[in-house]
Protein chains: 2
Amino acid sequence: MQTNRPLILVTNDDSVEAPGFHHLIESVKEFADVIGVAPAEPQSGQSSAISVNKPLFITEVKYFSTPQTPIFKVNGTPVDCVKLAMHAIVPRRPDLILSGINHGSNSAVNVIYSGTMGAVLEGCLIGIPSIGFSMLDHSWAADLNGTTLTIKKITGAVLQHGLPAGICLNVNIPAGCTPEGIKVTRSAKGCWNKEYAEYTTPEGRQYYWLTGYFDNVEPTNSETDEYWLSRGWATVVPTAADMTAHDCISGIKTLLQLSD
Amino acid sequence: MQTNRPLILVTNDDSVEAPGFHHLIESVKEFADVIGVAPAEPQSGQSSAISVNKPLFITEVKYFSTPQTPIFKVNGTPVDCVKLAMHAIVPRRPDLILSGINHGSNSAVNVIYSGTMGAVLEGCLIGIPSIGFSMLDHSWAADLNGTTLTIKKITGAVLQHGLPAGICLNVNIPAGCTPEGIKVTRSAKGCWNKEYAEYTTPEGRQYYWLTGYFDNVEPTNSETDEYWLSRGWATVVPTAADMTAHDCISGIKTLLQLSD
């Protein structure tokens with residue numbers, strides 16, 4: 001690896017084998033030295049989960065690794081990957097942490113459950129500009145070429161200008177097309193419905209498997225990430241690592257009938 | 001169960017066997033019918049993780065369950081517990097979702113990793129007032145009696161007045177004392193350091209185990225949750241389920257050099 005270029009740490013939640021991870025690495029190599037550290041197994045829906053009680057191993061993945069772009073896997077979550085990369089893998093502090101390209105949307109409320117964004121929030125907490133990229137197609141066979149220009153534009157700008165303290169970016173990109181452009185917007189509000197399929201074991205015991213569909217509860221003309229994605233735009237949602245609802249502190253004080 | 005009283009769903013992340021879970025249930029029985037649905041195994045650090053690819057089973061825990069207060073376990077995460085309770089367990093929509101009492105702090109940045117708060121955020125996303133309670137002692141042998149008045153006061157007020165849409169509460173309670181009182185405040189900023197202990201397997205392979213210490217990076221007189229907890233107060237942090245940094249949308253647009 002060169003040492004006079006910026007350094008980008010790339011991770012994801014779909015595992016080190018996911019095409020989106022390698023497409024993201026290829027897309028940003030022109031800007032910086034790149035190190036990839038990804039989960040050994042798929043970690044979709046792992047949010048900011050950390051492995052609190054198990055041994056973590058780092059394995060260089062010879063099949064993908066090159067001297068210029070070393071690639072490692074960790075038997076943990078996306079946040080584990082970032083933490084352990086910082087502790088034991090990167091040769092210097094990264095200038096940028098990227099996560100993705102996730103195979104599937106992380107728009108709207110899904111940011112809460114997203115392992116992709118878990119890694120990004122971790123980067124943000126340790127003070128490194130961090131961006132998550134997701135494409136709206138779950139298939140690993142999906143054509144990722146339409147994402148490249150969006151990734152380059154956003155990565156280049158953030159490498160140059162940084163991000164405000166405590167803020168990371170959640171980028172979603174429509175599937176199967178070159179986006180109309182990029183909109184900076186907010187997460188759509190909504191929730192999941194009909195969340196479980198029900199089955200019965202051979203022994204007659206009932207079990208449940210997560211499924212369901214997302215209900216966007218926004219008015220149809222609200223300009224959210226869902227709104228712009230459905231119109232073919234890539235979306236960028238500035239995302240705060242501090243979840244304090246600062247505007248509500250005074251109201252909650254009143255509600256709890258506290259005097260000061 | 002009676003049907004003319006409010007209904008409270010109680011969950012946690014330390015598992016159905018944790019003393020904090022049962023202390024929380026006992027503390028709020030006077031207000032409402034209570035159903036407990038907790039993870040079968042400890043889920044600390046599971047954040048808002050969901051089980052996307054495994055069968056989930058619901059088991060009534062006869063040892064704890066009574067006709068008045070049925071207790072179930074689910075082989076999943078705290079968020080799985082809330083989702084599956086809503087899908088298949090509760091006889092009517094709960095008026096309140098409580099999570100805890102967590103054995104250990106969920107102050108400051110730790111809300112991001114907290115399984116306790118994962119369940120609370122899930123309740124908030126589905127529009128039910130939700131509160132997480134944590135006590136600053138990891139020991140399951142800790143005396144929990146000092147938490148009772150704080151739990152009753154906050155639960156009673158929220159049952160009566162509800163919470164603003166999209167806002168839940170993260171309550172932390174000092175260990176081993178009756179708190180001085182309750183402060184509504186914000187999360188302290190900080191980060192974890194020296195995060196891994198290093199070991200070697202009998203075969204000579206290196207592995208890593210999560211540990212570390214939390215660095216509060218706030219000025220010493222900043223009135224955060226850490227500040228008040230260290231002075232013997234219980235803290236309430238209003239927490240937003242929407243992580244959009246609304247104030248930054250315009251700035252990020254400029255940073256990315258987007259025209260509208």
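Q: How many residues does the contact take from chain B and from chain A?
A: In this predicted model, chain B puts in 77 residues and chain A puts in 77 residues. A residue counts here when heavy atoms come within 4.5 Å.

Q: How do you know that the copies meet through the same surface?
A: Look at which residues take part: 100% of the interface residues of chain B are also interface residues in chain A, so the surface is the same on the two copies.

Q: What makes the relation between chain B and chain A a two-fold axis?
A: Chain B lands on chain A after a rotation of 180 degrees, with 0.0 Å of shift along the axis and an RMSD of 0.0 Å. That is just the relation of a two-fold axis.

Q: What is the area buried between chain B and chain A, and which residues of chain B supply the most?
A: It's about 6,900 Å², and carbon and sulfur atoms give 66% of that. On chain B's side, Tyr196(B), Tyr208(B) and Met243(B) supply 10% of the area buried against chain A, more than any other three residues.

Q: Why is the pair Glu195(A) and Lys83(B) called a salt bridge?
A: The closest N and O atoms are 2.9 Å apart. The cut-off for a Lys nitrogen and a Glu carboxyl oxygen is 4 Å, so the pair qualifies. Across the interface, the rule finds four salt bridges.

Q: Which helix of chain B gives the most to the side that touches chain A?
A: Helix H2 (residues 78–89) does, with six residues. By class, that side of chain B has 43 nonpolar, 20 polar and 14 charged residues.

Key
Residues are numbered from 1 along each chain as its sequence is written. Chains are lettered from A and ligands numbered from 1 in the order in which they are written. This is a predicted model: local features need pLDDT of at least 70, side-chain atom pairs count only at pLDDT 80 or more; totals for chains, interfaces and linings use all residues. Side-chain values use heavy atoms; hydrogens and water are left out. Copies are superposed by least squares on the C-alpha atoms of residues with pLDDT of at least 70 in both. Buried area is the accessible area (1.4 Å probe) that two parts lose on being put together, summed over both. A salt bridge is a side-chain nitrogen of Lys or Arg within 4 Å of a carboxyl oxygen of Asp or Glu. Helices (H or I, at least four residues) and strands (E, at least two) are DSSP runs, numbered from the N terminus. Ala, Val, Leu, Ile, Met, Phe, Trp, Tyr, Cys and Pro count as nonpolar, Asp, Glu, Lys and Arg as charged, and the others, Gly among them, as polar.
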